[in-house]
Amino acid sequence: MKIKIKLLDQKAKLPTKMSDLAAGYDIFAFCENDIELLPFERISVSTGFAIALPKHYHAEIRPRSGLALHHGITVLNAPGTIDADYRGEVKVILINLSKEPFIVKNEMRIAQMIVSHHREIIFDIVETLDLTKRGSGGFGST
């Protein structure tokens, strides 16, 4: 599958698969200067690219497990969603959940992107829903 991508600067890096069987493409920070991310602070980090996804596709921006485990850095709105009609720069909202400041450097792998297919749905308004064993039991009910 081909997806159109526009590098907004010659120095920006393409999303990259880090192994043959990886589902996600690592996304790199694109910043002129290091960015200090203080504990419990959130920032929007530029990636230097924009994409044009086909109809019925979207991209999900997800955390990198190594950053989460070793540094407490995650994607705040995980998964962030890039819709097929969005043409602006892809940015990543990072949050520092640790007690230590974290430095985001240019070309650092900050997140991963997975492109997924989705179907159009039509909601069918009904008066009742079929019964299940769980019923309306919510959090912790199973």
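Q: In which element should I place Ala68 when I begin to read this model?
A: In this predicted model, Ala68 belongs to helix α1, which covers residues 65-71. The side chain environment can then be read from the relative accessible area, which is 34% for Ala68; because the partly exposed class lies between 20% and 50%, Ala68 counts as partly exposed.

Q: How far apart in space are Ala68 and Ser98, C-alpha to C-alpha?
A: Separation along the chain and separation in space are best read side by side. Ala68 and Ser98 stand 30 residues apart in sequence, while their C-alpha atoms are 9.3 Å apart in space.

Q: Which residues have the most contacts inside the largest nonpolar core?
A: This core has 24 residues, and those with the most contacts inside it are Ile51, Ile61, Val92, Leu94, Val104 and Ile110. Going from residues to elements, at least two residues of this core come from each of β4 (42-46), β5 (49-52), β6 (57-62), β7 (73-75), β9 (91-96), β10 (102-104) and β11 (109-117). The largest share, three residues, is supplied by β11.

Q: Which residues line the largest pocket, and how much space lies in it?
A: A pocket is read from its volume, its lining residues and the classes of those residues. The largest pocket holds about 280 Å³ of space, and its lining is made up of Met1, Ile3, Ile5, Leu14, Pro15, Tyr25, Ile51, Leu53, Met113 and Val115. By class, this lining has 10 nonpolar residues, with no polar and no charged ones. Ile51 is thus one of the lining residues and also one of the residues with the most contacts inside the largest nonpolar core.

Q: How many aromatic pairs does the structure hold, and over which ring does the charged end of Lys13 sit?
A: These two features are counted separately. There are zero aromatic pairs in the structure, whereas the charged end of Lys13 sits over the ring of Phe28, at 4.2 Å from the ring centre.

Q: Which residues does the cis peptide bond join, and where is Pro79?
A: A peptide bond of this kind is read from its omega angle. The cis bond joins Ala78 and Pro79, with omega of about -10°, and Pro79 is located in the loop between β7 and β8 (80-82).

Q: What is the phi value of His56, and what is that of Glu107?
A: Phi is near 75° for His56, a positive value in a residue other than glycine, and near 70° for Glu107, again a positive value in a residue other than glycine. Their places are to be read next: His56 is in the loop between β5 and β6, and Glu107 is in the loop between β10 and β11. Relative accessibility is 24% for His56, which therefore counts as partly exposed, and 41% for Glu107, which also counts as partly exposed.

Q: Where are Leu8, Lys17 and Ala22 found, and are they buried or exposed, or in between?
A: Leu8 is in the loop between β1 (4-7) and β2 (25-28), and the loop between β1 and β2 is likewise the place of Lys17 and of Ala22. With relative accessible areas of 42% for Leu8 and 33% for Lys17, and a relative accessibility of 25% for Ala22, each falls in the partly exposed class.

Q: How far from Thr47, Val90 and Ile114 do the C-alpha atoms of Leu8, Lys17 and Ala22, taken in that order, lie?
A: Each pair is read from its C-alpha atoms. Leu8 and Thr47 are 39 residues apart in sequence and 8.9 Å apart in space. Lys17 and Val90 stand 73 residues apart along the chain, and a distance of 17 Å separates their C-alpha atoms. For Ala22 and Ile114, the separation is 92 residues along the chain and 9.7 Å between C-alpha atoms.

Technical notes
Residues are numbered from 1 along each chain as its sequence is written. This is a predicted model: local features need pLDDT of at least 70, side-chain atom pairs count only at pLDDT 80 or more; totals for chains, interfaces and linings use all residues. Side-chain values use heavy atoms; hydrogens and water are left out. Rings of Phe, Tyr and Trp (its six-membered ring) pair if their centres lie within 6.5 Å; planes under 30 degrees apart count as stacked, over 60 as edge-to-face and the rest as tilted. A charge sits over a ring if NZ of Lys or CZ of Arg is within 6 Å of the ring centre and within 35 degrees of the ring normal. On a 1 Å grid over the protein atoms alone, a cavity is a set of points where a 1.4 Å probe fits but cannot get out, and a pocket is an open set with protein on both sides within 12 Å along at least five of seven lines; lining residues have an atom within 4 Å of a point. Grid points are joined across faces, edges and corners, and a volume is the space filled by probe spheres set on the points. Ala, Val, Leu, Ile, Met, Phe, Trp, Tyr, Cys and Pro count as nonpolar, Asp, Glu, Lys and Arg as charged, and the others, Gly among them, as polar. A nonpolar core is a set of buried Ala, Val, Leu, Ile, Met, Phe, Trp, Tyr and Cys residues joined through side-chain atoms within 4.5 Å. Buried means under 20% relative accessible area, exposed over 50%, partly exposed in between (1.4 Å probe, protein chains only). Helices (H or I, at least four residues) and strands (E, at least two) are DSSP runs, numbered from the N terminus.
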